[in-house]
Amino acid sequence: MPRLGAALLLCLLVLSLPEPPAAESPLQLPAPQNVTIYSYDYQNLLRWAPVKVDNGSVLYTVQYSTPVSCLSTVTNVRCPRGNEENRMSCECWEEINCTNITKTECNFTHPKIKSFWTITLRVRAELGQVKSDWVETNKFFADQNTTIGPPVIVNVDSTPDSLFLNFSPNVKEDNLQYLVRYWEKSTNERHETEWTKNTRIGLLNLKQLTVYCFQIQAKLHLLNDNIGPFSKTYCHKTAASDATRAGFVVIIFVAATVTVVILAIVCFLFIQKFHQVIKYWFQPPFKIPLHIEEYLKDPEMPGLEELQNNCAEEDPGDSLSVVSNAEGSQALLNTNVQSDSRSIESEKT
């Protein structure tokens, strides 16, 4: 009897254990994870994490649903029981250009998907005949959920007391408005303009010749405004007034005149102090020929007489006379040129 009681107790324990989970069907793929919508300036993108398998290449299909879809003829319609005739209460899915793709993203920016629609997206993985469950996103309203980027600066017109900003929007929407935040670069005091539709905004009552920095912000003016982020910081300098420019001209002229006068004085003093050196550079001293210098040192040297005789033989019309004083301290060289006719008459006599 004790053994029978123990057996019954063991059977009760086994029956009370929870049933093990059913094994995952080999004909089922894991569903995509981290399905997220990114939208910037109405460029809409759906992304998800890839489904990993051992063999083969996984394909993905994306569909979207809107209330307007159910008003058209759609084959992929799922309606609650009893509401088959009320198509507005049905889930109607349409395909976009993301059927059997290998990438893990889908650009669902499409003209037929209006920005004021509220849509839902879903994605699933496929490997041959094996498919995963659909994964749906939250409802997406482009006008409200897209990020409105800041406009692009085209140019900046500067005056002595203002800056005029000209910019271009990234999207074409009638309800776009713009705001500018600006401040003097040397301070931290911020100022903001009013929201406006104009793509040219003036920053007034500024200081001349002062650098101002600014950022631009855009918003989509709806029932609930969709306000985008500020742009990067730009800096620009205001211009100078006519009076300031005239003052600059006078200052530059006076500075140039003073500089010229100072340079002239410095050059004059330099020449006065170093005139001997400058004279030596530009006018080297005269140097007596070597043979004349030797004769002056020794007047009785016979070399000069031989030179005189040679010159007389070569040119009978020229004669060289040397006159020296008794002491031999000086020598005077005179060259007398005689005509050919006088030299012939002297020889006859």
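# Notebook: rings, bridges and a core

**Entry 1: aromatic pairs**

I started with two rings, and F167 and Y178 are both buried. Note to self: this is a predicted model, and I should keep that in mind on every page.

How many aromatic pairs does the structure hold? I got four. One of them is F167 with Y178, an edge-to-face pair with 5.1 Å from centre to centre and 65 degrees between the planes. F167 sits in strand β13 and Y178 in strand β14, so this pair ties together parts that are eleven residues apart in sequence.

Then I looked up F214 and Y234, which form a stacked pair: 5.9 Å centre to centre, with 20 degrees between the planes. Here F214 belongs to strand β17 and Y234 to strand β19, so the pair ties together parts 20 residues apart in sequence.

Is F214 buried or exposed? It counts as buried, because its relative accessibility is 1%. Y234 comes out at 23% relative accessibility, so I wrote it down as partly exposed. The cut-off I needed here is that buried means under 20%.

**Entry 2: zooming out**

Next I wanted the whole protein. I noted seven helices and 21 strands. The protein has 349 residues, and buried ones make up 27% of them.

I also checked how contacts span the chain. Taking contacts between residues at least 6 apart in sequence, 59% join residues at least 24 apart. The accessible surface comes to about 24,700 Å², and carbon and sulfur atoms account for 57% of that.

**Entry 3: the biggest nonpolar core**

Which residues have the most contacts inside the largest nonpolar core? My list reads W48, Y60, V62, I96, L165, L203 and F214, and the core has 43 residues in total. The elements giving two or more residues to this core are β3 (43-49), β4, β8 (118-127), β12 (152-159), β13 (162-168), β14 (176-184), β16 (200-203) and β17. Of these, β17 gives the most, with five residues. I had already met F214 from my stacked pair in that strand.

I picked L203 for a closer look. Leaving out residues up to four places away in sequence, L203 touches D161, S162, L163, L165, V180, Y182, T193 and F214. L165 and F214 are also on my list of residues with the most contacts inside the core.

**Entry 4: disulfides**

I needed a reminder: a disulfide is a covalent bond between the sulfur atoms of two cysteines. I counted two disulfides here.

One joins C98 to C106, with the sulfurs 2.0 Å apart. This link is right-handed, with 90 degrees about the S-S bond. C98 has 4% relative accessibility, so it counts as buried. C106 is at 1%, so it is buried too.

The other joins C213 to C235, at 2.1 Å from S to S. It is right-handed as well, with 90 degrees about the S-S bond. Where do the two cysteines sit? C213 is in strand β17 (residues 211-220) and C235 in strand β19 (residues 234-237), 22 residues apart, and this pair links distant parts of the chain. I noticed that these strands, β17 and β19, also hold F214 and Y234 of the stacked pair.

C213 counts as buried because its relative accessibility is 4%. C235, with a relative accessible area of 39%, is partly exposed. While on cysteines, I looked up C267, which is partly exposed with a relative accessible area of 47%.

**Entry 5: two polar residues**

S65 came next. It lies in strand β4 (residues 59-65), and I found it buried, with a relative accessible area of 11%. What does the side chain of S65 reach? It gets to the backbone oxygen of C92, at 2.9 Å.

Last on my list was N226, in strand β18 (residues 226-227). N226 counts as buried, because its relative accessibility is 8%. A polar atom of its side chain lies 3.0 Å from the backbone oxygen of D143. Setting aside neighbours within four places in sequence, I listed its contacts as D143, Q144, N145, T146, I148, A218, K219 and L220.

I also checked T147. It is 79 residues from N226 along the chain, yet their C-alpha atoms are separated by 7.7 Å.

Conventions: Residues are numbered from 1 along each chain as its sequence is written. This is a predicted model: local features need pLDDT of at least 70, side-chain atom pairs count only at pLDDT 80 or more; totals for chains, interfaces and linings use all residues. Side-chain values use heavy atoms; hydrogens and water are left out. Helices (H or I, at least four residues) and strands (E, at least two) are DSSP runs, numbered from the N terminus. Buried means under 20% relative accessible area, exposed over 50%, partly exposed in between (1.4 Å probe, protein chains only). Contact means heavy atoms within 4.5 Å. Accessible areas come from the Shrake-Rupley method with a 1.4 Å probe; for residues, only the protein chains shown count as cover. A disulfide is a pair of cysteine sulfur atoms within 2.5 Å. A polar contact is a pair of N or O atoms within 3.5 Å; within protein, one must be able to donate a hydrogen and the other to accept it, and residues adjacent in sequence count only if both atoms are side-chain atoms. A nonpolar core is a set of buried Ala, Val, Leu, Ile, Met, Phe, Trp, Tyr and Cys residues joined through side-chain atoms within 4.5 Å. Rings of Phe, Tyr and Trp (its six-membered ring) pair if their centres lie within 6.5 Å; planes under 30 degrees apart count as stacked, over 60 as edge-to-face and the rest as tilted.
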